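I opened a fresh notebook page for this chain. The plan is to go from the whole fold down to single residues.

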Amino acid sequence: MTQTYDYDVLFLGAGHGTFDGAGPLAASGKRVGVIESGLIGGTCPNRGCNAKITLDAPVTVQRAVERMQGVVSGKVGINWSELVAHKQTIIDPLPGNIAGKLTQSGADIIHGRGVLIDAHTISVDGRAYTGDKIVVATGLRPHRLDVPGDELAIDSSDFMNLRELPHRIAIMARATSVWSLPPSPTRPGRTSPS
Ligand SMILES: Cc1cc2nc3c(=O)[nH]c(=O)nc-3n(C[C@H](O)[C@H](O)[C@H](O)COP(=O)(O)OP(=O)(O)OC[C@H]3O[C@@H](n4cnc5c(N)ncnc54)[C@H](O)[C@@H]3O)c2cc1C
């Protein structure tokens with residue numbers, strides 16, 4: 001007898017590793033479940049790509065104006081705290097939009113922290129969900145450094161929510177997350193990473 005499962009495909013995590021595939025899969029008629037403990041959409045829309053692009057936009061304008069000096073005149077300043085507030089208005093609706101697309105496609109969203117029990121079972125808050133296939137797409141977390149002074153450091157998510165830009169910033173990393181950070185802090189008067 002064939003084992004029956006709650007879902008054909010059960011995704012753990014609702015980031016990019018999941019939502020681009022889970023929606024079309026559900027729309028094709030597969031029974032799809034998506035388990036997420038945080039914001040639907042994960043890192044990219046909420047604290048990665050989209051947040052960064054929004055913070056970057058005025059810097060692009062600023063640099064264009066600098067390049068065109070002589071043809072245009074005057075300086076463009078960036079109000080960081082307004083920019084961070086603007087970024088939030090752009091990204092706040094994204095989890096709801098992505099969740100809406102998933103559910104409209106027919107996927108179920110299960111909120112809570114999933115624990116992998118076996119090859120076909122994930123437990124969420126004590127309830128077991130089963131899937132013929134399980135996709136683990138739980139992403140990454142910032143790595144805290146085991147060095148004295150680590151408690152003074154912030155991660156890229158904290159950086160994108162700073163109310164004020166510090167005068168000097170030392171950046172430590174080699175991943176997309178740092179090279180992707182908005183260039184605003186490296187504008188004149190700021191100390192940039194080398
Ligand atoms: C600052 C920054 C800028 C970036 N810019 C770009 C860019 O411009 N272009 C680009 O291609 N990439 C960029 N990235 C990288 C991109 O965001 C990631 O590659 C992408 O989000 C990874 O998707 P994922 O689904 O693997 O993980 P995530 O998006 O992190 O999603 C994983 C999800 O799983 C959930 N989860 C984890 N454990 C559990 C559990 N036990 N139960 C339930 N849920 C769980 C988490 O809450 C999270 O929502 C950037 C990243 C950062 C930090």
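**Contacts along the chain**

I began with contacts between residues at least 6 apart in sequence: 67% of them join residues at least 24 apart. I note here that the model is predicted. Next I checked burial. Buried residues account for 25% of the chain's 194 residues.

**Secondary structure**

I listed the elements and got seven helices and six strands. I then wrote down their order along the sequence: β-α-β-α-α-α-α-β-β-β-β-α-α.

**The largest nonpolar core**

I looked up the largest nonpolar core, which has 22 residues. Which members touch the most others? They are Leu-10, Phe-11, Ala-22, Val-32, Val-34 and Leu-102. I traced where the core comes from. At least two residues each are supplied by β1 (7–12), α1 (16–27), β2 (32–36), α5 (94–105) and β6 (127–136). Strand β1 gives the most, with five residues.

I picked Leu-102 for a closer look. I set aside its neighbours within four places in sequence. What is Leu-102 in contact with beyond them? The list is Phe-19, Ala-22, Gly-23, Val-34, Ala-107 and Ile-109. Ala-22 and Val-34 appear in this list, and both are also among the core members that touch the most others.

A second core of five residues lies apart from the largest one. Its members include Ala-51, Leu-55, Ile-91 and Phe-159.

**Helices α3 and α4**

I turned to the pair α3 (residues 49–67) and α4 (residues 80–91). Their axes are 9 Å apart, and the packing angle is about 140°. Angles over 145 degrees would count as roughly antiparallel, so α3 is oblique to α4. The crossing is right-handed.

I wrote out both sides of the contact. From α3 come Asn-50, Ala-51, Thr-54, Leu-55 and Pro-58. From α4 come Leu-83, His-86, Lys-87, Ile-90 and Ile-91. By class, the contact residues are six nonpolar, three polar and one charged. Ala-51, Leu-55 and Ile-91 take part in this contact, and I had already met them in the second core.

**Asn-79**

Last entry. Asn-79 sits in the loop between α3 and α4. Is Asn-79 buried or exposed? I found 10 C-beta neighbours inside 10 Å, so Asn-79 counts as exposed; the cut-off for that is 12 or fewer. I also looked up Leu-165 against Asn-79. The two are 86 residues apart in sequence, yet their C-alpha atoms are 9.9 Å apart in space.

Conventions
Residues are numbered from 1 along each chain as its sequence is written. This is a predicted model: local features need pLDDT of at least 70, side-chain atom pairs count only at pLDDT 80 or more; totals for chains, interfaces and linings use all residues. A nonpolar core is a set of buried Ala, Val, Leu, Ile, Met, Phe, Trp, Tyr and Cys residues joined through C-beta atoms within 7 Å. A residue is buried if 20 or more other C-beta atoms lie within 10 Å of its own, exposed if 12 or fewer, and partly exposed in between; C-beta atoms are placed from the backbone. Helices (H or I, at least four residues) and strands (E, at least two) are DSSP runs, numbered from the N terminus. Two residues are in contact if their C-beta atoms, placed from the backbone, lie within 7 Å. Axes are lines fitted to C-alpha atoms, for helices over the stretch in contact, and angles run from 0 to 180 degrees between N-to-C directions. Angles under 35 degrees count as roughly parallel, over 145 as roughly antiparallel, 65 to 115 as roughly perpendicular and the rest as oblique. A crossing is left-handed if the near helix is turned anticlockwise from the far one by less than a right angle, and right-handed if clockwise. Ala, Val, Leu, Ile, Met, Phe, Trp, Tyr, Cys and Pro count as nonpolar, Asp, Glu, Lys and Arg as charged, and the others, Gly among them, as polar.
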